[in-house]
Amino acid sequence: MRIVVALGGNALLKRGQPLTAQAQRENIKIAAQALAKIAVNNELIITHGNGPQVGLLALQGNAYKPDELYPLDVLGAETEGMIGYMIEQEMGNLVPFERPLATLLTMVEVDPKDPAFSNPTKFIGPVYEEAEAKRLAKDNHWSIKPDGQKWRRVVASPLPKRIFEIRPIRWLLEKNTIVIASGGGGIPTMYDADSHLQGVEAVIDKDLSSELLARELGADLYIMATDAEAVFLDWDTPEQRGIKCVNPIDLANYEFAAGSMGPKVSAACQFAEKTGKTAAIGSLEDLEQIVAGTAGTRVSKLVRDMESY
């Protein structure tokens, strides 16, 4: 099969862990063990999150003057290279030497007229006290919003339109390459009024970008690997139950948290509905079983009645 696996942020950094290279490498080493098992008899494309890594680079950038700060698209490109390097190295220690690996910096086009630009909602970077947040917003031309008791920077999260490197990704797959691409949702880019391509201060949702990648590559299976064993209904209540398999139309009738499972469910429904193939959401530890269809939540138009665990 041709499989796209989107690694959740927990695959790179567990909650509460220090954002060190060593901590990330140890987590990627664990992720690589699961990925290597399904790479044996399948074509494999890996995507990943980059939120904490971009946040770290942004903090390091505070050492510069405001007009010297690197924009988000450049920081995104930096993290794609850094994380891709680690995944390549750890996967390379597990798969046969003859199996090539490659990381592609991936530009993803967004629409400058996307309504997300007029209402930035994606939190990035650290939290601040209100006064400091307003000072930084003025100095750096940021948008800010309250996040609980603190304040944080917010940026637009537009929908992905096109993946520019889709052709070289296909060429690499033809040579049985394990490809790491579209990290962090891809590098956000758009055309200006003169049809010149440029970077943009935005963050593209990783799961939606990975769904577009999986769809354009004709993937047989799109997996979102997270820290949850499945998609749960009535979460955190005595009645909670995990979904084993479900039709995308039925799944779309339920509401899920916008900051966690919501985007994954939306991406799964979109992939299953538009391609007729299967999308799955589950734990990274269960990756082999998810591919076999015995773990996680499977979303498919072929499912007639929802089944629960």
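**How the labels in this model are earned**

Author: Strand β12 sends L221, I223 and A225 one way and Y222, M224 and T226 the other, and every one of these is buried. In a regular strand, side chains take turns between the two faces of the sheet. Keep in mind that this is a predicted model: local features need pLDDT of at least 70 and side-chain atom pairs pLDDT 80 or more, while totals for chains, interfaces and linings use all residues. Numbering starts from 1 along each chain as its sequence is written, and side-chain values use heavy atoms, with hydrogens and water left out.

Reader: What makes β12 largely enclosed by the rest of the structure?

Author: Burial has a cut-off: under 20% relative accessible area is buried, over 50% is exposed, and in between is partly exposed (1.4 Å probe, protein chains only). In β12 (residues 221-226), six of the six residues are buried, so the strand counts as largely enclosed.

Reader: And which strands pair with β12, and how do you know?

Author: Two strands pair if DSSP finds at least two bridges between them. The strands themselves are DSSP runs too (E, at least two residues; helices are H or I, at least four), numbered from the N terminus. β1 and β12 are joined by five bridges and run parallel, with V4 bridged to Y222. Strand β15 (residues 278-283) is also parallel to β12, over six bridges, and there L221 has T278 as its partner.

Reader: Why is R2 called buried?

Author: Its relative accessible area is 17%, and the limit is under 20%, so the label fits. R2 belongs to strand β1 (residues 2-7). Leaving aside residues up to four places away in sequence, R2 touches E43, I45, L173, L217, G218, A219, D220 and L221. Touching, or contact, means heavy atoms within 4.5 Å.

Reader: Is Y128 buried or exposed, and how do you know?

Author: Buried: its relative accessibility is 10%, which falls under 20%. Y128 is in strand β5 (residues 122-128).

Reader: What makes the edge strands of the sheet with β5 edges?

Author: That open sheet has three strands in the order β5-β7-β6, paired antiparallel. β5 and β6 (143-147) each pair on one side only. From one strand to the next, the twist averages 40°. Five bridges link β6 to its antiparallel neighbour β7 (residues 150-155), and one of the bridged pairs is D147 with K150. Helix α4 (residues 130-140) packs on this sheet, touching β5, β6 and β7, at about 125° to the direction of β5.

Reader: Why is one side of β8 and of β11 left without a neighbour in their sheet?

Author: The sheet is open, with four strands ordered β8-β4-β10-β11 and mixed pairing. β8 (162-163) and β11 (197-199) each have a single partner strand, so each has a side left without a neighbour. β4 (residues 107-109) and β8 are antiparallel and share two bridges, and two is enough, since pairing asks for at least two. V108 stands opposite I163 in β8. Helix α3 (residues 72-92) lies across β10 (187-191) and β11, at about 140° to β10.

Reader: Why are α6 and α8 called roughly parallel?

Author: Packed helices are described by the angle between their axes and the distance between the axes. The axes are lines fitted to C-alpha atoms (for helices, over the stretch in contact), and angles run from 0 to 180 degrees between N-to-C directions. Under 35 degrees is roughly parallel, over 145 roughly antiparallel, 65 to 115 roughly perpendicular, and the rest oblique. Helices α6 (residues 206-216) and α8 (residues 261-275) cross at roughly 15°, with axes coming within 8 Å, and they are therefore roughly parallel.

Reader: Why are α1 and α3 oblique to each other, then?

Author: Helix α1 (residues 21-39) packs on α3 at about 50°, with the axes 9 Å apart. That angle is in none of the three named ranges, so the pair lands in the rest, and α1 and α3 are therefore oblique. On the α1 side the contact includes A21, Q24 and I28, and on the α3 side M82, Y85 and M86 are among the residues. The contact divides into ten nonpolar, two polar and three charged residues. Here Ala, Val, Leu, Ile, Met, Phe, Trp, Tyr, Cys and Pro count as nonpolar, Asp, Glu, Lys and Arg as charged, and the others, Gly among them, as polar.
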